[in-house]
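Got the viewer open? Switch to cartoon view, keep the selection box handy, and follow along.

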Amino acid sequence: MKVFKTVSSVQKHLNSLNLKKSLGFVPTMGALHDGHLSIIEKAKKENKFVIVSIFVNPTQFEKQEDLKKYPNQLELDLELLKSKKCDFVFIPSVKEMYTTRIESEPFDFQGLDKVMEGTSREGHFDGVGTIVKKFFEIIQPHKAYFGEKDFQQLQIIKLMVNKNNLPIQIIPCDIYREKDGLAMSSRNIRLSANSREAAPLIYQTLVKCKNLFLKKDINKVKISVKNQFKNNPDLDLEYFEIADITTLVPSSVKEKNKKYRAFIAVHAGSIRLIDNIALN
Ligand code: AMP
C-alpha cells in the first residue's frame, strides 16, 4: 500500500500506471469504521486499483469546535486500510488542498442543499462540493464511492458529476449498521454511555416509520416519530422529514410513482447523529 501526502506525488504515481477504467476512489475523513471498510471492500471487487483519501475538510464544518474534536486515528486507519489491501492512500494537508485560502466555492445544487442538512448546516454542502471537486480533479477516478448514510450528499455529488459531464461513475453504498441498528459513524465513539444506549431508537423509529408509511398519511407518520422522541432525556429530535429521493423536497402528501425516503437528525448530548431509510 502506497501512501501519498502531496498532490504532485499522487498524480505522478497515478500517471505512471496503466489505469484504463480501473481506478476506484473512496473519499473519507478518517477514523475508519466497518462502514468505511465495507465501501472499500466493494470498491476492491469492482476496480483493479483502489485509492482512499483521508482528509478532514475544514470548509464543511460550520463549527470550529466540531472540526477540532473530529476523531483522528491515522496509524490505526493505515493498518485497517492495509488489511483491506487498499492500493493507495492520499492524506494531504489542508495547505496542500487549499493552497492559499481555506474557502469553499459557491455551487448551484438546484435546491438539494437547501433542505434538511442544508437548513441547519449553512455552507456545509458548498464545502463538500469544493473538496470533492478538487479530489476528482487530482485523482480522476473512474468510479467514486459514497455511502447512503449521507444520502443528501450522495445526491448532490451525483448532480455535480452530471452537470459537469464528469466521466466518473458515482456508486452508492448501503448503510452499514451496528448490531443494534445504529448507523456506524466516526462520531459514535464520542457518544456518552447513556447516549450510546439510547441511540438505537433512531433506527428503530425509522423501521417503524417504514411500516406506518404503507398505511398512514405522511403527517400521521411525522406525529408518531415526534412522539417517539418526546420526553426522551438522551435524544433530542432536530428534524424528521419524508422526501422524494430525487428532489429531496420534504413532502406532506404521498404521490403515486414517486420514491420516498425518511431522513432524521438527532442530538445525543453534544453529538449530532443522522440516518435515513428507503420507504417504498
Ligand atoms: P466520512 O468519513 O464520514 O466522511 O465518510 C466517508 C464515506 O463513508 C461517505 O461516503 C459516507 O457516506 C460513508 N459512510 C459513513 N458511514 C457509513 C455507514 N455507516 N455506512 C455506509 N457508508 C458510510
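Start by selecting β5 (143-147) and β6 (169-173): they pair in the parallel sense over 5 bridges. Strands here are DSSP runs of E, at least two residues long, helices are runs of H or I of at least four, and both are numbered from the N terminus. Two strands count as paired if DSSP finds at least two bridges between them. For one spot on this pair, pick Phe146, which stands opposite Pro172 in β6.

A word on what you're looking at: this is a predicted model, where local features need pLDDT of at least 70 and side-chain atom pairs count only at pLDDT 80 or more, while totals for chains, interfaces and linings use all residues. Residues are numbered from 1 along each chain as its sequence is written, and side-chain values use heavy atoms, with hydrogens and water left out.

Now widen the selection to the whole sheet. It is open, with 6 strands in the order β1-β4-β3-β2-β5-β6 and parallel pairing. At the edges you'll find β1 (2-4) and β6, each pairing on one side only. From one strand to the next, the twist averages 25°. Add helix α4 (residues 74-83), which lies across β1, β3 (49-54) and β4 (88-90) and runs at about 170° to β3. Axes are lines fitted to C-alpha atoms, for helices over the stretch in contact (heavy atoms within 4.5 Å); angles run from 0 to 180 degrees between N-to-C directions.

Next stop, the ligand. Which residues come nearest? Of the 16 around it, His36, Gly147, Asp150, Tyr176 and Met184 do; a residue is near if one of its heavy atoms lies within 4 Å. β2 (23-28), α2 (34-46) and β5 each supply at least two residues of this shell, which divides into 8 nonpolar, 5 polar and 3 charged. (Ala, Val, Leu, Ile, Met, Phe, Trp, Tyr, Cys and Pro count as nonpolar, Asp, Glu, Lys and Arg as charged, and the others, Gly among them, as polar.)

Try some distances. One ligand oxygen atom is 2.6 Å from an N or O atom in the side chain of Asp150, and an oxygen atom of the ligand is 2.9 Å from an N or O atom in the side chain of His36. A ligand nitrogen sits 2.8 Å from a polar backbone atom of Met184. Taken alone the ligand exposes 480 Å², and the protein buries 92% of that (Shrake-Rupley, 1.4 Å probe).

Last, jump to the open sheet of 3 strands, β7-β8-β9, with antiparallel pairing. β7 (235-244) and β9 (271-278) are the edges, each with a single partner strand, so one side of each has no neighbour in the sheet. Zoom in on β8 (residues 260-268) and β9, paired over 8 bridges; His267 has Arg272 as its bridge partner in β9. Finish with helix α10 (residues 201-215), which packs on the sheet, touching β7, β8 and β9, at about 30° to β9.

Notes. Polar contact = N/O pair within 3.5 Å; in protein donor to acceptor, adjacent residues only side chain to side chain.
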